[in-house]
Amino acid sequence: MLLRHLLIAWPWVWAGQAALAQATTPAALQRGYEAVAGTPAQADRGQRFFVQRHGGEWSCASCHGQHPVQAGRHAVTHKVLEPLAPAGNPQAFTDGKRVEKWFRRNCKDVLQRECTAGEKADVLAWLQTLR
Ligand code: HEC
């Protein structure tokens, strides 16, 4: 009986957690990163960071493109990627967990380390200027 109640409740618990994880916006994420960095973001610095290589083979633009309002193309698999800039993709930067997961993974591929909060804030600031 108890098990049956748990099974019935499960989809709602799950939906609640998913809603929590998604309850964010690009602007709110940027403010969070700025608070950790202790300094305001700079969009032009974010653009340079995004298009430059950092000692490795790839830049962020290698997969996401120079103008990420448009779709990207994965440098290895050639899979089409959703645009990274909010103007081109309303889903971008609305799920904090997802954003952190991809920042971690992609920054390691491009910089051989995780991005700092300041670097994330700069990239977000730049992406939000794109139309
Ligand atoms: C080797 C290819 C590749 C490179 C290089 C790359 N990315 Fe990505 N990135 C991806 C893929 C794949 C996804 C998931 C996209 C999807 O599911 O459509 C992604 C997603 C993301 C997301 C998640 C956005 C969201 O809200 O869904 C962020 C943030 C991101 N990338 C930032 C970066 C940054 C910053 C760099 C440079 C340091 C970078 N990426 C370099 C392949 C790459």
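Colleague: Which element gives the largest share of the shell around the ligand?
Modeller: That is α5, with eight residues. Helices are DSSP runs of H or I with at least four residues, strands are runs of E with at least two, and both are numbered from the N terminus. This is a predicted model, where local features need pLDDT of at least 70, side-chain atom pairs count only at pLDDT 80 or more, and totals for chains, interfaces and linings use all residues. Residues are numbered from 1 along each chain as its sequence is written.

Colleague: Which residues come nearest the ligand?
Modeller: Cys60, Cys63, Trp102, Asn106 and Val110, out of 22 around the ligand. A residue is near if its C-beta atom, placed from the backbone, lies within 6 Å of the molecule. The elements giving two or more residues to that shell are α4 (61–64) and α5 (96–111).

Colleague: Different topic. What order do the elements run in?
Modeller: From the N terminus, α-α-α-α-β-β-α-α. That comes to six helices and two strands.

Colleague: And the largest nonpolar core, how many residues?
Modeller: It has 16 residues, and Phe50, Ala121 and Trp126 are among those with the most contacts inside it. Such a core is a set of buried Ala, Val, Leu, Ile, Met, Phe, Trp, Tyr and Cys residues joined through C-beta atoms within 7 Å. Buried means 20 or more other C-beta atoms within 10 Å of the residue's own, all placed from the backbone. α6 gives the largest share of this core, six residues.

Colleague: How much of the chain is buried?
Modeller: Buried residues make up 23% of the 131.

Methods
A residue is buried if 20 or more other C-beta atoms lie within 10 Å of its own, exposed if 12 or fewer, and partly exposed in between; C-beta atoms are placed from the backbone.
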